[in-house]
Amino acid sequence: DKITALIQTIDHELNLHFACEERALFPAVSPYHPMVLMEAEHDEILLLWDELKRLLKEPFTESSKTQIHKTGQTFIQALHDHI
């Protein structure tokens, strides 16, 4: 279904982005700046994404729609701040 395909696409893109940063950017920048903040951002984004995926796999109710929207907005803002 469309939700499963979207989840798979976002999973792939997040994993690719974080892997590139952690393998290339972090080693290049870490001698000059601690990576603690970016590592914490990765953890926060992944936790939000896991929560959003969990919500999207549950039956849709008015309450779940509200929670999906709220969690989705927080996830999008965290991604925006990270970029």
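In this predicted model, helix H2 tucks away a good part of its sequence: Met38, Glu41, His42, Ile45, Leu48, Trp49, Leu52, Lys53, Leu55 and Leu56 are buried. These residues span an arc of only 160° around the axis, so they end up on the same side of H2. Turn to the face pointing away from that buried side, and the exposed residues there are Val36, Leu47 and Lys57. H2 itself runs over residues 36-57, 22 residues in total, and its first and last C-alpha atoms lie 32 Å apart, close to the 32 Å expected at 1.5 Å a residue.

What do the buried residues of H2 pack against? Their partners are helix H1 (2-29) and helix H3 (62-82). With H3, H2 packs at an angle of about 155°, the two axes being 9 Å apart. Angles over 145 degrees count as roughly antiparallel, and H2 and H3 are therefore roughly antiparallel to each other. H2 goes past H3 in a left-handed crossing. On the H2 side, the contact draws on residues including Met38, His42, Ile45, Trp49, Leu52 and Leu56, while H3 supplies, among others, Ile68, Thr71, Gly72, Phe75, Ala78 and Leu79.

H1 and H3 also pack together, at an angle of about 30° and with their axes 14 Å apart. That angle makes H1 roughly parallel to H3. Here too the crossing is left-handed, with H1 passing H3. H1 brings Ile10, Leu14, His17, Phe18 and Glu21 to this contact, and H3 answers with Phe75, Leu79 and His82. Phe75, Leu79 and His82 of H3 turn up in the contact with H2 as well.

Technical notes. Residues are numbered from 1 along each chain as its sequence is written. This is a predicted model: local features need pLDDT of at least 70, side-chain atom pairs count only at pLDDT 80 or more; totals for chains, interfaces and linings use all residues. Side-chain values use heavy atoms; hydrogens and water are left out. Helices (H or I, at least four residues) and strands (E, at least two) are DSSP runs, numbered from the N terminus. The expected span of a helix is 1.5 Å times one less than its number of residues. Buried means under 20% relative accessible area, exposed over 50%, partly exposed in between (1.4 Å probe, protein chains only). The arc is that of the directions from the helix axis to the C-beta atoms. Contact means heavy atoms within 4.5 Å. Axes are lines fitted to C-alpha atoms, for helices over the stretch in contact, and angles run from 0 to 180 degrees between N-to-C directions. Angles under 35 degrees count as roughly parallel, over 145 as roughly antiparallel, 65 to 115 as roughly perpendicular and the rest as oblique. A crossing is left-handed if the near helix is turned anticlockwise from the far one by less than a right angle, and right-handed if clockwise.
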